[in-house]
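Reader: Please explain how the descriptive terms applied to this structure are justified.

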Amino acid sequence: MSPRAGNAGPHTLAFVESPVQLLNVLEWAHAHTPGAGLTLVVLSPVDPMTRGQLRRMAELAREEGYEVRWEEARGGASAPFQTIGGLMGVLRRADRIVMGDPFSRYVQLLLTITRASELVVVDDGTATMEFVTQLARGERLVRWHRRGARPGPRDLLFAPVSSSARRRLTPGGDRRVEVFSSMPIDETPDGVTVTANDFAWTRARFGPPRISKGADMVGTSLVETGVVDADRYLEAVRSLAKAHGARRYFAHRRESVEKLHRLAVETGLEVVRPDLPLELIARRGPVGRTILSFPSTVVHTLPLALAGTDVRVAVCDISPDWLTQTASPRAQGFLDGVTGTARDVHRLSAVQAV
């Protein structure tokens, strides 16, 4: 077992709900060696794909010497009460909380219980950019693709908890807040420490990859979140694959089975459902010489994970006419910002989707 595992004891807790969050907790711990021992608490989701990737990431975390607690946090009506009740003791003793998703209602509720003086938000991709901006402006915490939508009954019921979490995530007195991210952060809230995530653990642990000819494509869940029209998206994928000789399509864990089946039939691409976050899949290889993506977290993270290799990351813009009628009014600006702030990527104009 790694000697790091016992350094901070049970008083450092990390809460994760996705494999990417767990990966970035490992990156944070690596960056804080030798004193970043922690206990990982997985608040398991229902989605089978996400659960599978989390299981694999939990194995890697244990191999690194960290304790992992797997909580069936959504396993029925009584599950949240059992999960929170079981965590009450360690929550109250913790002096440092590391979290992957400050927008999560689960995490926000846990923040109302802890007395920790140090809070760390690790990367959750584009959501991290939005979180920091909202915190800096004193706005309520809401995911970017829901901005502009009218709050529902559950939002109104949960509003006091969300407000309390935002106050807890605001530095003051003895409370310190750190954001550990590979994303560009323009507005830094007063008192918040921002630390760069350069994927040093990933590069040390895996690779370098074998590079194959042609291109691979990275999928996105923009259709599933109601931002991009499904027909437009599939036509764009087909056009990109043809233009760049792509052979494989790495599915996002939230992409629906129905959409992926249609995509495979209509484009001829081999659909791959990774068992680990794409940063690790690409680093292990084999991987195409070019990786094609739409605006997403990977246009920021893959160049870091693949630093020192000859792999090129290319990002295709989202055309305004691909957006659905129900997309957030600020969706286009946000997606353009994700692409425009990416470093070490080749930018492609939006393909014609007809």
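Author: Strand β8 (residues 211-218) and strand β11 pair in the parallel sense over five bridges. This is a predicted model, in which local features need pLDDT of at least 70, side-chain atom pairs count only at pLDDT 80 or more, and totals for chains, interfaces and linings use all residues. Residues are numbered from 1 along each chain as its sequence is written, and side-chain values use heavy atoms, with hydrogens and water left out.

Reader: What makes β8 and β11 a pair?

Author: Two strands pair if DSSP finds at least two bridges between them. β8 and β11 have five bridges, so the criterion is met. I211 has V287 in β11 as its bridge partner.

Reader: How do you know that β11 also pairs with β12?

Author: Four bridges join β11 to the parallel strand β12 (residues 312-316), and the requirement is therefore satisfied. T290 stands opposite R312 in β12.

Reader: Why is β11 called mostly covered?

Author: Buried means under 20% relative accessible area, exposed over 50%, and partly exposed in between (1.4 Å probe, protein chains only). Six of the seven residues of β11 (residues 287-293) are buried, so they fall under the 20% limit. In the chain, buried residues make up 55% of the 354 residues.

Reader: Why is the unit containing helix α11 called right-handed?

Author: A crossover is right-handed if, with the strands pointing away from the viewer, the path from the first strand over the helix to the second runs clockwise. β11, α11 (residues 298-305) and β12 make a right-handed β-α-β unit, so the path over the helix runs clockwise in that view.

Definitions and conventions: Helix = DSSP H or I, 4+ residues; strand = E, 2+ residues; numbered from the N terminus.
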